[in-house]
Amino acid sequence: MEMHLKGRVALVTGGARGIGLAEAAALAAEGVSIAVNDIDAEAAAAAVEKLKDFGVDAAAFVCDVSDEDSVKANVLKVAQRFGRLDILINNAGIGVRPSFAVADMPVEAWDLMQHVHVRSTFLWSRAAIPLMCPGGYGRIINTSSVNYTGGGRPGASHYVAAKAAIAGFTRVLAKEVASSGITVNAIAPGYVATSLIAGFSEDMLAIVRDQNPTRRLCAPEEIGALVTFLSSRHAGFINGEIVCIDGGRREYYWGDDA
Ligand code: NAD
């Protein structure tokens with residue numbers, strides 16, 4: 001199926017590695033130019049070189065996703081550099097760990113999780129919307145998680161609350177901007193083989209692999225294919241949706257001492 005995305009410009013937060021880089025590469029393969037945001041300048045520069053191999057334009061915009069002034073400045077820089085902005089993928093994130101029972105949760109751990117995931121999704125969307133859509137087309141794709149759609153495990157309340165907030169934000173923003181041609185959706189991946197879960201022990205990996213009906217983890221490229229479809233005109237009537245990509249399993253049993 002032809003995606004008709006050639007010439008579009010996408011901004012991917014946390015695009016230097018993992019899911020974000022796979023999303024950027026999938027779009028670049030369809031002829032989309034890519035603005036890579038990340039806090040890791042070296043990895044962002046390396047990602048830009050990989051993306052250019054697809055024959056598209058790419059550039060890095062390094063900042064903390066949750067810093068208001070940096071977000072505003074970088075979205076303007078993206079629009080100046082590429083002349084347009086069509087697709088925003090709010091992907092940057094940090095993992096569940098260190099995990100804490102609510103009773104032991106330091107407020108700093110709670111706030112960091114909300115800032116990197118929720119505050120950033122709001123800030124990038126707010127900055128990007130006025131620049132999107134002169135031709136009646138725009139896409140915002142946020143990143144929730146099976147940890148929210150499945151309920152989440154003990155110790156992960158900071159992460160699950162953030163991913164739940166992103167789902168709620170997505171549903172409301174979708175209604176606010178639909179009349180201008182922008183759709184807003186979130187993806188809710190199951191466990192994906194990236195550095196985010198690199199610290200999982202063999203036992204934990206066995207749980208997420210063996211309890212999944214597919215008996216495997218998700219590949220980042222499968223997320224790339226999903227966001228490419230959601231970015232295309234074929235998905236124009238999918239709006240305000242939380243799209244699970246989890247192999248058919250949302251809740252895992254972690255054992256009695258989880
Ligand atoms: P990853 O660690 O491989 O990549 C995350 C990227 O975000 C990194 O390049 C990192 O430098 C960047 N980043 C982190 N904090 C940042 C900040 N403050 N400012 C700018 N950039 C920052 O992780 P991933 O697995 O690719 O995760 C991407 C997204 O997918 C996250 O939102 C994550 O919560 C979500 N997710 C991941 C999984 C999984 O199993 N890997 C499952 C569900 C959802």
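A residue counts as buried when its relative accessible area is under 20%, as exposed when that area is over 50%, and as partly exposed in between. His-4 has a relative accessibility of 53%, and therefore counts as exposed because the value is over 50%. The structure described here is a predicted model, and the report goes through its backbone, its salt bridges, its cavities and its ligand in turn.

## Backbone features

His-4, the exposed residue with which this report began, lies in the segment before strand E1. Its backbone also deserves attention, since the phi angle of His-4 is near 55°, a positive value in a residue other than glycine. Arg-215 is another residue of this kind, having a positive phi of about 60° although it is not a glycine, and Arg-215 is found in the loop between helix H7 (202-210) and helix H8 (220-231). A further backbone feature concerns a proline: the peptide bond that runs from Arg-97 to Pro-98 is cis, with omega near 5°, and Pro-98 lies in the loop between E4 and H4.

## Salt bridges

The structure holds 10 salt bridges, and the table sets out some of them, with the distance from nitrogen to oxygen and the relative accessibility of each partner.

| Salt bridge | N to O distance | Accessibility of the Arg | Accessibility of the acidic partner |
|---|---|---|---|
| Arg-8 and Asp-86 | 3.5 Å | Arg-8, 14% | Asp-86, 2% |
| Arg-216 and Glu-222 | 2.8 Å | Arg-216, 41% | Glu-222, 32% |
| Asp-246 and Arg-250 | 2.8 Å | Arg-250, 43% | Asp-246, 9% |

Where in the chain do the partners Arg-8 and Asp-86 lie? Arg-8 belongs to the segment before strand E1 (9-12), while Asp-86 sits in the loop between helix H3 (68-82) and strand E4 (87-90), so that this pair, 78 residues apart, links distant parts of the chain. Arg-8 counts as buried because its relative accessibility of 14% is under 20%, and Asp-86, at 2%, counts as buried by that rule as well. The two residues also take part in a wider arrangement, for Arg-8, Arg-84 and Asp-86 are linked in a network of salt bridges.

In the salt bridge between Arg-216 and Glu-222, Arg-216 is partly exposed because its value of 41% falls between 20% and 50%, and Glu-222, with 32%, is likewise partly exposed. The salt bridge between Asp-246 and Arg-250 joins residues from two of these classes: Asp-246 is buried at 9%, whereas Arg-250 is partly exposed at 43%.

## Cavities

How many cavities of 30 Å³ or more does a search of the whole structure find? The search finds two, and the largest of them has a volume of about 70 Å³. Arg-250, already met as a partner of Asp-246 in a salt bridge, is one of the residues that line this largest cavity, and the others are Val-146, Asn-147, Gly-152, Arg-153, Tyr-191, Glu-251, Tyr-252 and Trp-254. Sorted by class, the lining of the largest cavity is made of four nonpolar, two polar and three charged residues.

The second largest cavity has a volume of about 40 Å³, and the residues that line this cavity include Asn-90, Asn-91, Ala-92, His-117, Lys-163 and Ile-166. Its lining divides into two nonpolar, six polar and one charged residue. Helix H4 (107-128) and helix H6 (157-177) each supply at least two residues of the lining of the second largest cavity, and the largest share, three residues, comes from H4.

## Surroundings of the ligand

Which of the 29 residues around the ligand come nearest? They are Arg-17, Ile-19, Asp-38, Tyr-159 and Thr-194. Ile-19 can be described in further detail, because one of its polar backbone atoms is 2.8 Å from an oxygen atom of the ligand, within the 3.5 Å that a polar contact allows. Val-192 also has a polar backbone atom 2.8 Å from an oxygen atom of the ligand. With Asp-64, by contrast, the side chain is involved, since an N or O atom in the side chain of Asp-64 is 3.1 Å from a nitrogen atom of the ligand.

Definitions and conventions. Residues are numbered from 1 along each chain as its sequence is written. This is a predicted model: local features need pLDDT of at least 70, side-chain atom pairs count only at pLDDT 80 or more; totals for chains, interfaces and linings use all residues. Side-chain values use heavy atoms; hydrogens and water are left out. A salt bridge is a side-chain nitrogen of Lys or Arg within 4 Å of a carboxyl oxygen of Asp or Glu. Helices (H or I, at least four residues) and strands (E, at least two) are DSSP runs, numbered from the N terminus. Buried means under 20% relative accessible area, exposed over 50%, partly exposed in between (1.4 Å probe, protein chains only). On a 1 Å grid over the protein atoms alone, a cavity is a set of points where a 1.4 Å probe fits but cannot get out, and a pocket is an open set with protein on both sides within 12 Å along at least five of seven lines; lining residues have an atom within 4 Å of a point. Grid points are joined across faces, edges and corners, and a volume is the space filled by probe spheres set on the points. Ala, Val, Leu, Ile, Met, Phe, Trp, Tyr, Cys and Pro count as nonpolar, Asp, Glu, Lys and Arg as charged, and the others, Gly among them, as polar. A residue is near a molecule or strand if one of its heavy atoms lies within 4 Å of it. A polar contact is a pair of N or O atoms within 3.5 Å; within protein, one must be able to donate a hydrogen and the other to accept it, and residues adjacent in sequence count only if both atoms are side-chain atoms.
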